[in-house]
Amino acid sequence: MFDLTGMTALVTGASGGIGSSIARALAAQGARLALSGSNAAKLRAFRDELNAEYGQDHVEITCDLSNTQQVEELVPATVDTLGKIDILVNNAGITRDNLAMRMKDEEWSDVIRINLEAAFRLMRAAAKPMMKARFGRIVTITSVVGATGNPGQMNYAAAKAGLTGMTKSLAQELASRGVTANCVAPGFIRTAMTDVLPDAQKEALNARIPMGRMGEGEEIGAAVAFLASREAAYVTGQTLHVNGGMAMLG
Ligand code: NAP
């Protein structure tokens, strides 16, 4: 089940905390990956690790998602390199947190450009070859805060909620062509960033989660692998919430 052998996937933010777990999950199921990010050295090191672990010829494609031209070139470069694109995972994302009254224009526009607009451009570009192939899987990483809101994250929550609406619209446009579009919405996930929080703060966070712990990157990777699989053919326009029960939505 969920075998991705013969499939190709583009994963943005592939060397990050969650992105690397997603890449590992897809590679473990047999997909060949184009790993993308803006930090070429980090990306190359991760590609070498992945190739050693899974013995596939995964490739890295550097792309700064704040640069429109580079974004427009990313899907064509993936198709050129891997021969086709079956799976697009929009995972890259940034935060520029601030309270509404103090939020600077650039904090708003950077988050919208990288988290929302780049995903739009990648989805638009991927839709064409996927429709032609009569097969495609688009999986976008949103966040629980896109559904609940969060103080200090007007920009981030707007981008994540926007991705959900975009995904539902695209899902309706592409459904008849065998192409699905879905979101995975993580709650608090243990990454290098959350590892450094003081124990008291971690305990306070865990107390808000019925499971009593943060999620693991692998748990997001598994959700993405399912939605990317042939078995998920009848699931589209949905959000899979992976949050330990901290918000029971939908
Ligand atoms: P992370 O470790 O900071 O990774 C973010 C990734 O995004 C990095 O690989 C980074 O690649 C890429 N990125 C950032 N700016 C970029 C740019 N301008 N151009 C290209 N790539 C760029 O964060 P994470 O925690 O794994 O987050 C991954 C996704 O999960 C994000 O969408 C985030 O919103 C979402 N999420 C995370 C959590 C959580 O608890 N961690 C919860 C809910 C949702 P480079 O370093 O190569 O630029």
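Author: Start with the classes. Ala, Val, Leu, Ile, Met, Phe, Trp, Tyr, Cys and Pro count as nonpolar, Asp, Glu, Lys and Arg as charged, and the others, Gly among them, as polar. Note also that this is a predicted model.

Reader: Apply the classes to the second largest cavity. How do the residues of its lining divide?

Author: That lining has three nonpolar, three polar and three charged residues. By name, they are L65, S66, N67, T68, V71, R113, E117, A118 and R121.

Reader: How much space lies in the second largest cavity?

Author: About 30 Å³. A space enters the cavity count at 30 Å³ or more, and the count here is two.

Reader: Which elements each supply at least two residues of the lining of the second largest cavity?

Author: Helices α3 (68–82) and α4 do. Of the elements, α4 gives the most, with four residues.

Reader: Now the largest cavity. Which residues lie nearest its centre?

Author: Read the centre before the whole lining. N90, A92, I114, N115 and A119 lie nearest the centre, out of 14 lining residues. The elements that give two or more residues to this lining are α4 (105–133), β5 (136–141) and α6. The largest share comes from α4, with five residues.

Reader: What is the volume, and what are the classes?

Author: The largest cavity holds about 70 Å³ of space. Its lining has eight nonpolar residues, five polar and one charged.

Reader: On to the open spaces. What volume does the largest pocket have?

Author: About 1400 Å³. The largest pocket has 50 lining residues, and G93, I94, T95, Y156 and M193 lie nearest its centre. Elements that give two or more residues to the lining are α1, β2 (32–37), α5 (144–148), α6, α7 (192–195) and α8 (199–207).

Reader: How does the lining of the largest pocket split by class?

Author: There are 20 nonpolar, 24 polar and six charged residues.

Reader: Where is the ligand in relation to the pockets?

Author: Match the ligand to a space, then read its shell. The space taken by the ligand is the largest pocket. Two elements give two or more residues to the shell around the ligand: α1 (17–28) and α6 (154–174).

Reader: How many residues surround the ligand, and which are the closest?

Author: The shell has 28 residues, with I18, S38, K42, N91 and Y156 the closest. Y156 is also among the residues nearest the centre of the largest pocket. By class, the shell has eleven nonpolar, 14 polar and three charged residues.

Reader: Which polar contacts should I check?

Author: For each contact, ask whether the protein atom belongs to the backbone or a side chain. Take S38 from the closest set. An N or O atom in the S38 side chain is 2.4 Å from an oxygen atom of the ligand. G13 uses the backbone: one of its backbone N or O atoms lies 3.2 Å from a ligand oxygen atom. N39 also uses the backbone, with a polar atom there 2.9 Å from an oxygen atom of the ligand.

Reader: How much of the ligand's accessible area does the protein cover?

Author: The protein covers 84% of the 890 Å² that the ligand has on its own.

Reader: One space is left. What is the volume of the second largest pocket?

Author: About 170 Å³. A147, T164, K168, T239 and H241 are the closest to its centre, among the 14 residues that line the second largest pocket. The lining draws at least two residues each from α5, α6 and β7 (239–242). The largest share, three residues, comes from α6.

Reader: How does the lining of the second largest pocket divide by class?

Author: It has four nonpolar, nine polar and one charged residues.

Reader: Which element should I follow from space to space?

Author: Follow α6. This helix gives two or more residues to the lining of the largest pocket. It does likewise for the shell around the ligand and for the largest cavity.

Methods
Residues numbered from 1 in each chain as written. Predicted model: local features only at pLDDT ≥ 70, side-chain atom pairs only at ≥ 80, totals over all residues. Heavy atoms only, no water. Near = heavy atom within 4 Å. Polar contact = N/O pair within 3.5 Å; in protein donor to acceptor, adjacent residues only side chain to side chain. Areas by Shrake-Rupley, 256 points an atom, 1.4 Å probe, with all protein chains shown as cover. 1 Å grid on protein atoms, 1.4 Å probe; cavity = no way out; pocket = protein on both sides within 12 Å on 5 of 7 lines; lining within 4 Å. Sits in = over half its atoms within 2 Å of the grid points. Points joined across faces, edges and corners; volume = space filled by probe spheres on them.
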